[in-house]
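Me: I would like to go through this model one piece at a time. Short answers, please.

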Amino acid sequence: MRLSYTCSACKKLNYIKHKASTRPDLQVKLGTDDIKVDCENCGKMDKKHLNQITTVVDNRIVLLGLLIGLILTLVFWNTYRAISTASLIIPLLFWISENKALSGFNKFLIKRK
Ligand SMILES: [Zn+2]
């Protein structure tokens, strides 16, 4: 998953480079409740409270799952057809785990001071 915020000026989704699995985690890492952001689209500098940071599925992860599933499917196609077919659910598993991670982050709000 990736951390993101919506720019208040142009409403475009921006990604944040920090990594954390929950908001309190991110708060500890940053040592502050606000994060300085810089919109990649319009260049607006802004301050966002951590509760305004949300997560989105990292498509690269899902794509990786798709790739692994596809490779295993092809590798086992002629030998172990059962494994080959089962490999098709790998991207789905990646997708599910991403969504679990998302709700894990989004569910915890930190206390506003
Ligand atoms: Zn913007």
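Me: How many bridges join strand E1 to E5, and which way do they run?
Reply: This is a predicted model, in which local features need pLDDT of at least 70, side-chain atom pairs count only at pLDDT 80 or more, and totals for chains, interfaces and linings use all residues. Residues are numbered from 1 along each chain as its sequence is written, and side-chain values use heavy atoms, with hydrogens and water left out. Helices (H or I, at least four residues) and strands (E, at least two) are DSSP runs numbered from the N terminus, and two strands pair if DSSP finds at least two bridges between them. E1 covers residues 2-6, and its link to E5 consists of three bridges, running antiparallel.

Me: Which residue in E5 is the bridge partner of Leu3?
Reply: Ser4 stands opposite Thr54 in E5. On the E2 side, Leu3 faces Ile16. In E5, the bridge partner of Leu3 is Thr55.

Me: What is the strand order of the open sheet?
Reply: E1 is joined to E2 by four bridges, antiparallel. Strand E2 (13-16) and strand E5 (54-56) each have a single partner strand, so they stand at the edges, one side of each left without a neighbour in the sheet. The three strands pair antiparallel in the order E2-E1-E5.

Me: By what angle are neighbouring strands of this sheet turned against each other on average?
Reply: Axes are lines fitted to C-alpha atoms, for helices over the stretch in contact, and angles run from 0 to 180 degrees between N-to-C directions. For this average, direction is ignored. The turn between neighbouring strands is 50°.

Me: Which residue in the turn of the E1 and E2 hairpin has a positive phi?
Reply: Six residues lie between the two strands. The residue in question is not a glycine, yet its phi is near 60°. At 62% relative accessibility, it counts as exposed (over 50%; buried is under 20%, partly exposed in between, with a 1.4 Å probe and protein chains only). The residue is Lys11.

Me: What arrangement do the four donor atoms around the zinc ion have?
Reply: Donors are N, O and S atoms within 2.8 Å of the metal (3.2 Å for Na, K and Ca); water is not among the atoms, so sites may look incomplete. The protein donors here are the SG atoms of Cys7, Cys10, Cys39 and Cys42, lying 2.3 Å from the zinc ion. Four donors count as tetrahedral if all angles lie between 85 and 135 degrees. Here the angles are 107 to 113°, so the arrangement is tetrahedral.

Me: How many residues apart in sequence are the parts that Cys7 and Cys39 tie together?
Reply: Along the chain, the donors follow the spacing C-x2-C-x28-C-x2-C. Cys7 is buried at 3% relative accessible area, and Cys39 is buried at 3% as well. Cys7 sits in the loop between E1 and E2 and Cys39 in the loop between strand E3 (34-38) and strand E4 (45-49), so the parts tied together are 32 residues apart.

Me: How far apart in space are Gly69 and Pro91, C-alpha to C-alpha?
Reply: Gly69 belongs to helix H2 (residues 59-76) and is buried at 2% relative accessibility. Leaving out residues up to four places away in sequence, Gly69 touches Ser87, Ile90 and Pro91, where contact means heavy atoms within 4.5 Å. Gly69 and Pro91 are 22 residues apart in sequence, and their distance in space is 6.3 Å.

Definitions and conventions: Tetrahedral: all angles 85-135°; square planar, octahedral: opposite > 155°, others 65-115°.
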